[in-house]
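Ready to practise reading a protein model? Take a look at the sequence and the structure, then try each task before you read its solution.

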Amino acid sequence: MKVAFFHTKPYDREAFEAERKGHEIDYFDQRLSEETVHLAQGYPAVCVFANDILNARVIHALVEGGTKVLALRCAGCNHVDFDAVGETGLRVVNVPAYSPNAVAEHAVALMQAVNRHLPRAVSQVRMGNYALHGLVGMDVVDKTVGVVGTGRIGTVFARILKQGFGAEVIAHDPYPNDECRAMGIDYVPLEDLLARSDIISLHCPLTEDSHHLIDAAAISRLKRGVLIVNTSRGAVIDTQAAIDGLKSGQIGGLGIDVYENEGPLFWEDRSDEPLTDDQFARLLGFQNAVVTGHQAFLTREALDQIAKQTLENLTCIETGVACERELTLAA
Ligand code: NAI
């Protein structure tokens with residue numbers, strides 16, 4: 001199938017070229033948007049990632065240009081306008097589970113980077129400052145860790161914390177799973193999780209229900225000094241409320257891989273440009289906030305799986321075989 005591949009990075013191209021088989025792929029550096037959708041003209045398949053723009057205008061333009069399949073090379077699909085998908089008959093496939101470990105392990109890395117003040121510690125040592133004040137962390141063993149969303153990624157995170165660190169893990173999810181229950185993880189209402197946790201890690205998808213799940217009201221109910229980790233989607237946290245929580249000390253540390261308004265920032269080298277997003281600049285100003293640029297998925301194993309499963313999805317659609325990773329409108 002002829003595929004227009006948007007927002008290409010060298011690591012994407014390497015992984016997809018190794019798996020390409022019968023498909024013909026044209027790689028575009030640009031993010032898909034209303035300004036760049038004309039590049040997809042005449043391509044039956046378009047491949048996009050988590051920060052491409054897939055609003056109604058873009059979806060209608062794709063279909064008018066001859067696109068039949070939208071292949072998301074990511075798990076999250078909160079950026080797709082499914083009303084427009086329904087109106088146009090565009091088929092949408094995704095890669096729901098390329099490597100839960102990649103994301104869960106990055107969440108653990110963020111947790112410990114915040115807890116043990118690693119960015120500050122590393123830069124102090126580089127500067128020849130070996131003093132330890134300001135670097136006091138906490139043991140994770142026996143602490144209460146709240147996991148919001150125990151799907152594929154949240155379950156791996158919960159297992160690492162429970163069996164690796166020896167933490168007491170509690171969870172909140174509208175659909176509890178047997179694997180977590182078998183590990184002895186208690187499911188509790190969100191209110192309880194917020195009030196009891198020393199560390200909270202977010203692993204739910206971004207939906208209407210989870211939008212600003214961590215807002216000012218939720219933050220006021222947290223244990224003072226809690227560490228919050230977010231590798232899910234930026235808008236699960238109300239950024240301004242988190243900034244206020246960090247300023248007051250109600251939030252003791254924040255480790256995030258995703259940010260509410262990351263679309264225009266992440267995945268590009270902007271080191272020569274002024275940072276115009278004042279909220280993001282404020283977040284970066286906190287010693288106890290560690291921010292990575294949506295890289296939790298970025299392991300060799302995950303990239304290989306993303307390429308393999310995306311191309312398998314396209315082969316299924318092309319050959320008329322039912323595709324188990326096709327998203328229905330209920331998504
Ligand atoms: P999943 O679909 O396996 O699990 C999500 C879980 O969240 C489900 O058990 C669901 O019942 C639960 N859930 C839904 N709404 C909830 C709510 N309001 N409160 C609590 N739980 C809720 O998804 P998976 O694979 O574990 O991924 C989770 C999210 O991680 C994705 O939706 C995506 O946004 C994000 N992600 C981030 C990546 C990164 O690089 N930072 C990479 C891959 C995924």
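Below are six exercises, each with a worked solution.

This is a predicted model, in which local features need pLDDT of at least 70 and side-chain atom pairs count only at pLDDT 80 or more, while totals for chains, interfaces and linings use all residues. Residues are numbered from 1 along each chain as its sequence is written, and side-chain values use heavy atoms, with hydrogens and water left out.

**Exercise 1. The domains**

Task: Find the domains of the protein chain and describe how they meet.

Solution:
- Step 1. The assignment gives domain 1 (2–98 + 299–319) and domain 2 (100–291); such bounds come from an automatic or database domain assignment.
- Step 2. Between the C-alpha centres of domain 1 and domain 2 there are 30 Å.
- Step 3. Now look at contacts (heavy atoms within 4.5 Å). Here 13 residues of domain 1 are in contact with eleven residues of domain 2.

**Exercise 2. Two helices**

Task: Compare the lengths of α12 and α4 with their expected spans.

Solution:
- Step 1. Recall the terms: helices (H or I, at least four residues) and strands (E, at least two) are DSSP runs, numbered from the N terminus. The expected span of a helix is 1.5 Å times one less than its number of residues.
- Step 2. Helix α12 covers residues 300–319, which makes 20 residues, and its first and last C-alpha atoms are 29 Å apart, close to the expected 28 Å.
- Step 3. For the 16 residues of α4, 22 Å should be spanned at 1.5 Å a residue, and the 23 Å between its end C-alpha atoms agrees.
- Step 4. Check burial (buried is under 20% relative accessible area, exposed over 50%, partly exposed in between, with a 1.4 Å probe and protein chains only). In α4, 13 of the 16 residues are buried. The buried residues of α12 include Leu303, Ile306, Leu311 and Ile317.

**Exercise 3. Positive phi angles**

Task: Look up phi and the surroundings of histidine 7 and lysine 21.

Solution:
- Step 1. Most residues other than glycine have a negative phi.
- Step 2. Histidine 7 has a positive phi near 60°. Its place is the loop between β1 (2–5) and α1 (10–19). Histidine 7 counts as buried because its relative accessible area is 4%.
- Step 3. Lysine 21 has a positive phi near 45° and lies in the loop between α1 and β2 (24–27). Lysine 21 counts as exposed because its relative accessible area is 73%.
- Step 4. Look just past two helices as well: histidine 117, just after α4, has a positive phi of about 55°, and glycine 320, just after α12, has one of about 75°.

**Exercise 4. One residue up close**

Task: Is valine 169 buried or exposed, and which residues does valine 169 touch?

Solution:
- Step 1. Valine 169 sits in strand β7 (residues 168–172).
- Step 2. Valine 169 is buried because its relative accessibility is 2%.
- Step 3. Leaving out residues up to four places away in sequence, valine 169 touches Val145, Val147, Ala158, Leu161, Lys162, Ile185 and Asp186.

**Exercise 5. Pockets**

Task: Describe the largest pocket and the second largest pocket.

Solution:
- Step 1. Start with the terms: on a 1 Å grid over the protein atoms alone, a cavity is a set of points where a 1.4 Å probe fits but cannot get out, and a pocket is an open set with protein on both sides within 12 Å along at least five of seven lines; lining residues have an atom within 4 Å of a point.
- Step 2. The largest pocket holds about 1,300 Å³ of space. Of its 47 lining residues, Gly76, His203, Cys204, Pro205 and Leu206 are closest to its centre.
- Step 3. The largest pocket lies between domain 1 and domain 2, because both give residues to its lining.
- Step 4. The second largest pocket holds about 280 Å³. Closest to its centre, of 20 lining residues, are Ala50, Asn51, Asn78, His79 and Glu260.

**Exercise 6. Cavities**

Task: How many cavities of 30 Å³ or more does a search of the whole structure find?

Solution:
- Step 1. The search finds three such cavities.
- Step 2. The largest cavity contains about 70 Å³ of space. Among the residues lining the largest cavity are Asn230, Ala242, Leu254 and Tyr259.
- Step 3. α10 (239–248) and β11 (251–256) are the elements that each give two or more residues to this lining.

Key
Points joined across faces, edges and corners; volume = space filled by probe spheres on them.
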